[in-house]
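Let's take a walk through this fold, one piece at a time. Keep the 3D view open and turn it as we go.

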Amino acid sequence: MTEANSPHLLEHIVVLTSLREQHALQMCLVKTLQEFISANEISLYAITSVSGKPEPQLLVSVESERDPGKQKRSPALRTIEEDPELQQCVSTKKQVVSTWQDDSGGKVKTGIKVIHPVTNEHGVVGFFIIKCAKLIQKDQDMAISFLRIYHNYLQLINANEHDALTGLLNRKSFAEKMMTVLAAQRSNQERSSDSGNQAKHCLAMLDIDHFKKVNDKFGHLHGDEVLLLFARLMTQTFRGDDQLYRYGGEEFVVFLKNVDLTTGLSILERFRAKLEAFNIPQVGKVTVSIGVVEVNKQDLPTTVVEQADKALYYAKDNGRNQVCAYEKLLEEGKLNNILTSGDIELF
């Protein structure tokens, strides 16, 4: 630990607030605190839903004593239902202090564990856990201050990445994340090409059928309500790992992770049927047309988006309220494989 002189501390805050990507922000937060406080281990967790139950998911962990600055994959915490300390932190929204013991490596280490709640307007959404040899209050006070900076800045990042009406990711963040996803996809395929075990993903574009008629007949307030309920149904239907976007107007995008086209079609069909059966107050029933493509070896985001878009507009032009796959339409001779670069404005 170094002495926390003001200029040095401010420089770290400048770096922290210069970041625009959440994982980089989280890593910077943990590594900065590692430098300024005495701690054996500092970890940041998010609360995710697994089979309807809230569970802590490790985001970043750094173990200070053995390997400073190295990200460490700590053992997963118990579920919140199984851990009284986590339950107390969630219910009180206050830090919880307990003891810890580690006998790995043949040497028993003990100390103090402090669980800080990470909160937003919905309540506790994560945990910031510091394991240290002894409780030093000024260190914990600094951790709380940095958590406040992290919370405030994370809100700014989220506001910039999310659609104001639906709360889904917006078109701007879609463009940025697609570049990252496809770069990772190519890298993974290169590493797994010998084994043939290549991860597959699907990109789907969704368009609410006859949405203009909803606005014309019921007014824009009810139109906004349809968009809100549509987004809520998406959140309830798709998995937590899937990326959901409002692409613009009544058009949405779903990025289905680690599923092939057959599974993707099944998931999307389930959502289509669920929406068709849903009765929207004042408006009644609405339907959706969906175009999907399997993301495999495409080089450009524009290629992937245009293929999904072609399948979407085939669905809309041929009866609506259906899910169409680009690959299957090609096989059946219903589409050609000529992509008109520039028709789809991704960025």
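Start with a pair of helices: α2 passes α4 in a right-handed crossing. Keep in mind that what you're looking at is a predicted model. The two helices, α2 (residues 22–36) and α4, have axes 11 Å apart and pack at an angle of about 165 degrees. Anything over 145 degrees counts as roughly antiparallel, and α2 and α4 are therefore described that way.

Who does the touching? On the α2 side, the contact is made by Gln22, Leu25, Gln26, Leu29, Thr32, Leu33 and Phe36. The α4 side brings a list that includes Met142, Phe146, Tyr150, Leu154 and Ile157. Those five also turn up among the buried residues of α4, and so do Asp139, Gln140 and Glu161.

While you're on α4, try a quick sanity check on its length. The helix covers residues 137–161, and at 1.5 Å a residue its 25 residues should span 36 Å. The end C-alpha atoms are 36 Å apart, so the expectation and the model agree.

Now swing over to the sheet. Five strands make it up, in the order β7-β8-β6-β9-β10, and the sheet is open with mixed pairing. At the edges you'll find β7 (243–248) and β10 (323–325); each has a single partner strand, so one side of each has no neighbour in the sheet. From one strand to the next, the twist averages 20 degrees.

For a look at one pairing, pick out β6 (residues 201–208) and β8 (residues 251–256). They run antiparallel and are joined by six bridges. If you want a spot to zoom in on, find leucine 203, whose bridge partner in β8 is phenylalanine 255.

Helices pack on this sheet as well. Helix α8 (residues 261–277) touches β6, β8, β9 and β10, and its direction makes about 165 degrees with that of β9. Helix α7 (residues 220–237) lies across β6, β7, β8 and β9 (288–295), running at about 5 degrees to β8.

Finally, two loop residues deserve a glance at their backbone angles. Which loop holds glutamine 282? Glutamine 282 sits between α8 and β9, and has a positive phi of about 75 degrees despite not being a glycine. Its relative accessible area is 61%, so glutamine 282 is exposed. Arginine 320, in the loop between α9 (301–317) and β10, isn't a glycine either, yet has a positive phi of about 60 degrees. With 29% relative accessibility, arginine 320 counts as partly exposed.

Note on methods: Residues numbered from 1 in each chain as written. Predicted model: local features only at pLDDT ≥ 70, side-chain atom pairs only at ≥ 80, totals over all residues. Heavy atoms only, no water. Pairing = 2+ DSSP bridges. Helix = DSSP H or I, 4+ residues; strand = E, 2+ residues; numbered from the N terminus. Axes fitted to C-alpha atoms, helices over the stretch in contact; angles between N-to-C directions. Contact = heavy atoms within 4.5 Å. Expected span 1.5 Å × (residues − 1). Buried < 20%, exposed > 50% of the residue type's maximum accessible area, 1.4 Å probe, protein only. Parallel < 35°, antiparallel > 145°, perpendicular 65-115°, else oblique. Left-handed = near helix turned anticlockwise from the far one by under 90°.
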